[in-house]
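I opened the file today to go through its packing, its charges and its backbone. My notes follow in the order in which I looked things up.

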Amino acid sequence: MTSRLTRRQRRRVSQGLQYALFVAVLVLIAVSADWGRLQNQFAQKDLALRLFPDIITTALRNTVIYTTSGFLLGLVLGLVIAMMRLSSVAPYRWVASVYIELFRGLPALLIFIFVGVAVPLAFPGTEIPGGTYGKVAIGLGLVAAAYMAETIRAGIQAVPKGQMEAARSLGFSHARAMVSVVIPQAFRIVIPPLTNELVLLFKDSSLVLFLGVTLQERELTKFGRDLASQTANSTPILVAGLCYLLVTVPLSFVVRRLEARADKAV
C-alpha cells in the first residue's frame, strides 16, 4: 500500500506521524505530571510578589552591570588579541594563539576561581579596582575575549582585500587603513555573533556567586537561590529565571534580525 504512494504523499504521511507522536508525548507529560505539587513548589504568588522590587533594582541591575562590564572588557581585549593573531610578528601570533586556546579550553568557573583566589595570593595587598564588580568584569572579560578574538579575526579576514589596497592607494598607512576602513567593516559583519556572545555572558554572570558577594552585590541566580533557601520554596528561582528571559529573549530576537539582514545584504 505504501509503495503506491507518491514521494510527496509519503512525506506528508511521515510528517503526520511525527506530529502525532510529538502531540502524544506532550499529552503524556501533561497527564503524568503532578501539577499541584509543581504549583506549590514553583508558583507561589504571594512569595513571588515579595521578591519585587529588589529582584529588579538589585539582582537584575547587578546582572546587567556584570554582563556589560565583562562584555566591554572582552571586546577591547578581543580586538587586541585578534590584531595580534593577524600580525606578521610571529611572537604576537604565538601569544594570541596560546591565550585563545587556554581561555576557550578552561571552564569559566575555573577562571572565576583564579581571579578570586589566585590573583590575591599572587599579589598580596593588591586589591582589584571595583571590588566584586571588578573581579566579575575581569573574569567574564578574559573568557569572552578568547571567543571575541576569533570572531573579530574572522570578520577582518572577511573584508575584501581590495578595501585595504584602496585605502593604501589613497596614502593611508597600514594602521590607519585598518582603523578607518577594515575594522569598521569587520564589526558590521560580526555584530550578530558578538550579540550572541552578549547573551552567553549574561547567563555566565551567574558564576559570580563563587566569588562571595554581599547582599547588595547579588545577581539573579544568587538572589533567587538565597530566597529559595530561606523560604524552602523554589518560586524565587523560577522568578529569577523569568528575569533572565526578559533580557535574553529580546537579545536573541535582535540576533536573528541582524543575521537575516546580513543574509539579505550578501
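Helices here are DSSP runs of H or I with at least four residues, numbered from the N terminus. I need that to place the loops. The model is predicted, and I read every entry below with that in mind.

**Entry 1: backbone oddities**

I started with the loop between α10 (220–231) and α11, where alanine 232 lies. Its phi is near 55°. That is a positive value in a residue other than glycine. I then looked up the cover on alanine 232. Alanine 232 has a relative accessible area of 64%, so I log this residue as exposed.

Next I looked at peptide bonds. Phenylalanine 52 and proline 53 are joined by a cis peptide bond. I noted omega at about 5°. Proline 53 sits in the loop between α3 (45–50) and α4.

**Entry 2: cores**

Which residues touch the most other members of the largest nonpolar core? I found Ile81, Tyr99 and Val136. This core has 28 residues. At least two residues each come from α4 (54–85), α5 (90–105), α6 (108–122), α7 (132–158) and α9. The top contributor is α7, with nine residues.

I also found a second, separate core of 13 residues. Its members include Leu51, Phe202, Val239 and Tyr244.

Back to tyrosine 99. I left aside neighbours within four places in sequence. What remains in contact with tyrosine 99 is Leu77, Ile81, Gly141, Leu142, Ala145 and Ala146. Ile81 thus turns up again: I had it listed with Tyr99 among the residues that touch the most other core members.

**Entry 3: salt bridges**

How many salt bridges does the structure hold? I count five. I wrote up three of them.

First pair: arginine 85 and glutamate 150. Their closest N and O atoms are 3.5 Å apart. Arginine 85 belongs to helix α4 and glutamate 150 to helix α7, so this bridge ties together parts that are 65 residues apart in sequence. I compared the cover on both ends. Arginine 85 is partly exposed, at 28% relative accessible area. Glutamate 150 is buried, at 14%.

Second pair: glutamate 150 and arginine 153. Here the closest N and O atoms are 3.0 Å apart. Both residues are in helix α7, three residues apart, so about one helical turn separates them. Arginine 153 counts as buried, with 17% relative accessibility. Putting the two pairs together, I get a salt-bridge network that links Arg85, Glu150 and Arg153.

Third pair: glutamate 101 and arginine 104. Their side chains meet at 3.6 Å, N to O. This pair lies in helix α5, with a spacing of three residues, so the separation is about one helical turn. Glutamate 101 is exposed, with a relative accessible area of 53%. Arginine 104 is partly exposed, at 33%.

**Entry 4: a charge without a partner**

Then I looked for a buried charge with no salt bridge. Glutamate 197 fits that description. Its place is in helix α9 (residues 174–204). Which side chain of opposite charge is nearest to glutamate 197? I get arginine 104, at 9.4 Å. A salt bridge needs a nitrogen and a carboxyl oxygen within 4 Å. Arginine 104 already appears in my third pair, bridged to glutamate 101.

What does glutamate 197 contact, leaving aside neighbours within four places in sequence? I list Ala144, Tyr147 and Met148.

**Entry 5: nonpolar surface**

Last, I looked at the outside. A nonpolar patch of about 650 Å² is on the surface. I list its residues as Trp35, Leu38, Phe42, Leu238, Leu242, Leu245 and Val249. The elements that give two or more residues to this patch are α2 (35–42) and α11 (235–265). The largest share is from α11, with four residues.

I checked one member, tryptophan 35, which is in helix α2. Is tryptophan 35 buried or exposed? With 53% relative accessible area, I log tryptophan 35 as exposed.

Terms used:
Residues are numbered from 1 along each chain as its sequence is written. This is a predicted model: local features need pLDDT of at least 70, side-chain atom pairs count only at pLDDT 80 or more; totals for chains, interfaces and linings use all residues. Side-chain values use heavy atoms; hydrogens and water are left out. Patches are made of residues with over 30% relative accessible area and no salt bridge: like charges are joined within 9 Å, nonpolar side chains (Val, Leu, Ile, Met, Phe, Trp, Tyr) within 5 Å. Accessible areas come from the Shrake-Rupley method with a 1.4 Å probe; for residues, only the protein chains shown count as cover. Buried means under 20% relative accessible area, exposed over 50%, partly exposed in between (1.4 Å probe, protein chains only). Lys and Arg count as positive and Asp and Glu as negative; His and the chain ends are not counted. Contact means heavy atoms within 4.5 Å. A nonpolar core is a set of buried Ala, Val, Leu, Ile, Met, Phe, Trp, Tyr and Cys residues joined through side-chain atoms within 4.5 Å.
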